[in-house]
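Please read the points below with the structure open beside you, and look for each element as it is mentioned. The points go from the whole chain to its parts.

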Amino acid sequence: MSVPLPAHRRLPRSLYLHIPFCHRRCFYCDFPVVPLGDRADGSRSPSVDHYLRLLLQDLQSAPSGPPLSTLYIGGGTPSLLSPQQLEGLLSAVGSHWGLAPGAEVTLEMDPASFDQQRLTSVLALGVNRVSLGGQSFDDAVLAGLGRRHRAEQLREACGWLQQAQQRGSLQSWSLDLIVNLPEQSLQHWLWELEQAVDQAPPHLSIYDLIVEAGTVFERRQRAGQLPLPGEDAAADRLEATHQALAGAGYGHYEISSWAMPGHGSRHNRAYWSGASWWALGLGATAGVGAERLARPRTREAYGAWLQQQAGQQGGDPADWPPLEDLLLVGLRRREGVDLLWLQHSGLWRGPQPLAQWLQQALKPWLELGLVLLTPARLRLLAPQGFGLSNAVLADLLLALERAGWSAPIG
Ligand SMILES: C[S@@+](CC[C@H](N)C(=O)[O-])C[C@H]1O[C@@H](n2cnc3c(N)ncnc32)[C@H](O)[C@@H]1O
Ligand code: SF4
């Protein structure tokens, strides 16, 4: 009888493809993107064609593996690609790995980059999940974020997605919003949430604003011109978000993710479960076994790297990620970390059982009721535990380092 391998030892069944083009760079975003200008469209851009050739080269020299259960085409703004360009990519993925029956195929879309006709064409190619970058329903906020789209376009795009879902041509879709924006009051945020819920997205991703180095927002912050809500206000918002979305029927299944039953993102769950994934394209990071392979973030460096790397990607899938990585990704999920599996994996080298050690290491958080620990499982309790996840995770890493069972931090 063959014993199934634990998730972390299996070859990847998930693929991330990075499409780095956007109309413009939003004021908060530091993703590896190439702004093409507001009038750009993938089908008319030599830059996009050139990049797609590089991406296909990357794909063809990737190791083979089983058919994929999830494919995520992200960016950047992949909805800038024409249906023909997208078809080329999907067919290359299909011939290299293949897509398993019922595979989840997600495309990130920006409301300013498609119309209903393009959506229909894209869905006809096999995309069955859309992730829409909405960010806000307030025109002044959208302008302040440097977004190209406005609220009316966002509502229209949501309407097309709802219709496609009702017709059965789209299985699921998600809406991205950003919280804790400059000058945002709790009342205004609750208004944003109401607008979002009115659009009935089966899934919501709500990102806490991160002020990234090198962005317009960071420059404004240094100049004292970015009045952000404080930590307490941010915690209140998370709590209010949790209540409002629970009331509307959404489950909070990951720190930034809420979903109607059956609409959690299978692709993201694969990342968070510690499973391996392939990732192709500039700036994309693959995780195969213990190895993290980040591709260069500029087109020139990516092209040069491809020349050197052809045929050598992937690493040894027999290795597992380090214990701290498994704990960190696991704690992002509502179901937390499977301690029994970790205990038996051989990754835990402490003298006492892992659950017993965690009892001491996380004592203050357990006493506060933010963390739940049983002999079999460790998890953060939503919403407060998710809200303070960074502090809990930092304590855990420090304790591991002090105990000498983890690599030194920094
Ligand atoms: C690749 S974008 C989504 C698709 C498309 N590019 C768009 O923005 O419409 C992924 C998401 O990351 C979030 N994001 C990017 N930078 C962020 C930051 N600095 N802080 C918080 N959220 C951020 C935004 O919500 C964005 O929708
Ligand atoms: S948030 Fe989206 S549209 Fe804006 S620059 Fe980043 S990837 Fe591009």
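**Notes on the two domains and their packing**

1. The chain is divided into domain 1, which covers residues 7-272, and domain 2, which covers residues 323-403. Please keep in mind throughout that this is a predicted model. The C-alpha centres of domain 1 and domain 2 lie 30 Å apart.

2. Where the domains touch, 10 residues of domain 1 are in contact with nine residues of domain 2. On the side of domain 1 that touches domain 2, the elements that give two or more residues are α8, β9 and α9 (266-272), and α8 gives the most, with four residues. By class, the residues on this side of domain 1 are six nonpolar, two polar and two charged.

3. Nine strands form an open sheet, and if you trace them across it you should find the order β9-β10-β8-β7-β6-β5-β4-β1-β11, with mixed pairing. The strands at the edges are β9 (251-254) and β11 (278-280), and each has a single partner strand, so one side of each is left without a neighbour in the sheet. From one strand to the next, the twist averages 20 degrees.

4. For a closer look at one pair in this sheet, take strand β6 (residues 129-135) and strand β7 (residues 172-179), which run parallel and are joined by six bridges. Within this pair, Gly-133 stands opposite Asp-176 in β7. Helix α8 packs on the sheet, where it touches β7, β8 (203-208), β9 and β10 (257-259), and the direction of α8 makes about 175 degrees with that of β8.

5. Which two numbers should you look for when two helices pack together? Two packed helices are described by the angle between their axes and by the distance between those axes. For helix α6 (residues 186-198) and helix α8 (residues 231-247), the axes come within 10 Å and cross at roughly 30 degrees. Angles under 35 degrees count as roughly parallel, which makes α6 roughly parallel to α8. The crossing of α6 and α8 is right-handed. From α6, the contact is made by Leu-186, Trp-189, Leu-190 and Leu-193, while α8 brings Ala-233, Asp-236, Arg-237, Ala-240, Thr-241 and Ala-244. Sorted by class, the contact of α6 with α8 has seven nonpolar, one polar and two charged residues.

6. A further open sheet consists of three strands in the order β14-β16-β15, with antiparallel pairing. Here β14 (337-338) and β15 (371-373) stand at the edges, and each has a single partner strand, so one side of each is left without a neighbour in the sheet. Strand β14 and strand β16 (residues 377-380) run antiparallel and are joined by two bridges, and Asp-338 stands opposite Arg-377 in β16.

7. How are α11 and α16 oriented to each other, roughly parallel or roughly antiparallel? The axes of helix α11 (residues 323-331) and helix α16 (residues 389-403) come within 11 Å and cross at roughly 165 degrees. Angles over 145 degrees count as roughly antiparallel, and α11 and α16 are therefore roughly antiparallel to each other. Their crossing is right-handed. The residues that make the contact are Glu-324, Leu-327, Leu-328 and Leu-331 of α11 together with Ser-389, Leu-393, Leu-396, Leu-397 and Leu-400 of α16. By class, the contact of α11 with α16 divides into seven nonpolar residues, one polar and one charged.

Methods
Residues numbered from 1 in each chain as written. Chains lettered and ligands numbered in written order. Predicted model: local features only at pLDDT ≥ 70, side-chain atom pairs only at ≥ 80, totals over all residues. Axes fitted to C-alpha atoms, helices over the stretch in contact; angles between N-to-C directions. Parallel < 35°, antiparallel > 145°, perpendicular 65-115°, else oblique. Left-handed = near helix turned anticlockwise from the far one by under 90°. Contact = placed C-beta atoms within 7 Å. Nonpolar A, V, L, I, M, F, W, Y, C, P; charged D, E, K, R; others polar. Pairing = 2+ DSSP bridges. Domains from an automatic or database assignment.
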